[in-house]
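Have a look at the chain below and turn it around a few times. The report that follows walks through some of its loops, helices and side chains.

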Amino acid sequence: MLFILLRDSLEIVQDTDAALRSLWRNHADYDLVLIDGKTLPRSEIIQFARSVREDISSVLPGIVVVQCGFDVQLIKAGVDACVDEDTIFDLALFDNDGSTKQLDLIINFMADLLKNKDLNLHRHSARVKTFTQILVAFCVEEGILQPSKAYHTTVASYFHDFGKLLIRESILNKPSKLSEEEFSVMKTHTSLGTKVLENLSKSFTQNNFLSVLFNVMKYHHERFDARGYPEGLRAEQIPLEARIVAIADVLEALTADRPYRNAYTFEEALNIIAEEDGHFDPKLLQLFVENAELFRD
């Protein structure tokens, strides 16, 4: 039993080709793919996850490897969680009262829109999602983040810059430093992104995932010392999920080429982040620095 694809019922398949065919037909039919990590070779799991994330969907369905300890290479390939049999039933994806096919379709539509509208933004978002998942795993292990929020935070991180789709391209892709006025426009992406969620929140009231998504979109540029935006929140006023994504976002931004500069090396980026006084949650920053090698591409 290699794969179990979940929605309202189970679908069991025996190999990666059969699983991919099922997902190609309509990946929105599935909430979750469970993979037997002891039966299927690790190399095949990596290839399967990459195929799903690169060719089918960046975020859904969730991919979970069972009977497997934390494996950063699986995470980097697109696996969302590595769990054992004792913890699998603690894995919370979406709320029972809000995990409808309609919400999944909307999330997939948002992901497809981001990927097709701005490939550079998609690449940034996909790497932020990977870095977030690694940091999330350590936060859960240290008791900083509730397991029920782990997957929510990872998926939400992919959409952290969704509001940039509403920023004009002359600003978004400017090959030089933004003027003060242009930067003021750029900063509005945090609020523009959350406006997309207003009608969703009315349709899916009290949905935990949408709450995490809102927090990540709006507050990932807040700073621990209250010098961030859009609201100048301080310390624990900033939602935990946004504090986590803030580190992943800056790491990705520093280690990727930008229109106005070349990428920093990983060592240079690590030094910049470690020395950024007042920007990040000190506990999360320490956790990141102590495990920094696992974030290296």
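Ala226 sits in the loop that runs between α11 and α12. Keep in mind that the model you are looking at is predicted. The phi angle of Ala226 is near 75°, a positive value in a residue that is not glycine. That deserves a second look, because most residues other than glycine have a negative phi, and most peptide bonds are trans. Ala226 counts as partly exposed because its relative accessible area is 22%.

The loop between α11 and α12 also holds Ala235. Here phi is near 50°, again a positive value in a residue other than glycine. Ala235 is buried, since its relative accessible area is 14%, under the cut-off of 20%.

Pro230 belongs to the loop between α11 and α12 as well. The peptide bond that leads from Tyr229 to Pro230 is cis, with omega near 15°. A cis bond is also found from Leu60 to Pro61, where omega is near 5°. Pro61 lies in the loop between α2 and β4.

**The loop between α2 and β4**

Two serines can be found in this loop: Ser57 and Ser58. Are they buried or exposed? Ser57 is buried, with a relative accessible area of 2%, and Ser58 is buried at 9%. The side chain of each serine takes part in a polar contact, as the table shows.

| Serine | Partner side chain | Polar contact |
|---|---|---|
| Ser57 | Asn108 | 2.9 Å |
| Ser58 | Tyr158 | 3.4 Å |

What else do these serines touch? Setting aside neighbours within four places in sequence, Ser57 is in contact with His27, Val52 and Asn108. With the same neighbours left out, Ser58 is in contact with Arg53, Lys115, His122, Lys129 and Tyr158.

**Helices α12 and α13**

Val245 is a good residue to find next, in helix α12. With a relative accessibility of 0%, Val245 counts as buried. Which residues surround Val245, apart from its neighbours within four places in sequence? Val245 is in contact with Val128, Thr132, Thr153, Ser157, His160, Val216 and His220. For a sense of distance, try Glu181: Val245 and Glu181 are 64 residues apart in sequence, and their C-alpha atoms are 26 Å apart in space.

Now move along to helix α13, which covers residues 266-274. Phe266, Ala269, Leu270 and Ile273 are buried in this helix. If you look down the axis of α13, its buried residues fall within an arc of 100°, so they line one face of the helix. Among the elements that cover these buried residues are α12 and α14 (282-290).

**Cysteines without a bond**

How many disulfides does the structure hold? The number is zero. A disulfide is a covalent bond between the sulfur atoms of two cysteines. For Cys139, the closest cysteine sulfur is the one in Cys82, at 16 Å, which is too far for a bond; the sulfur atoms would have to be within 2.5 Å. Cys139 is buried, with a relative accessible area of 0%. Cys82 is also buried, at 19%, a value under the 20% cut-off.

**The whole chain**

Step back now and view the chain as a whole. Its secondary structure comes to 14 helices and five strands. Along its principal axes, the C-alpha trace spans about 55 × 40 × 35 Å. A compact globule with 297 residues would have a radius of gyration near 19 Å, and the chain agrees, with 19 Å. Of the 297 residues, 54% count as buried. Among contacts between residues at least 6 apart in sequence, 65% join residues at least 24 apart.

How far does the predictor trust its own model? The average pLDDT of the chain is 88, and 93% of the residues score at least 70. Confidence is highest in helix α12 (residues 240-254), at 98, and lowest in strand β1 (residues 3-6), at a mean of 73. Where pLDDT is low, the predicted coordinates should not be read in detail.

How values were computed:
Residues numbered from 1 in each chain as written. Predicted model: local features only at pLDDT ≥ 70, side-chain atom pairs only at ≥ 80, totals over all residues. Heavy atoms only, no water. Buried < 20%, exposed > 50% of the residue type's maximum accessible area, 1.4 Å probe, protein only. Helix = DSSP H or I, 4+ residues; strand = E, 2+ residues; numbered from the N terminus. Polar contact = N/O pair within 3.5 Å; in protein donor to acceptor, adjacent residues only side chain to side chain. Contact = heavy atoms within 4.5 Å. pLDDT = per-residue confidence, 0-100. Arc of directions from axis to C-beta. Rg over C-alpha atoms; globule rule 2.2 N^0.38 Å.
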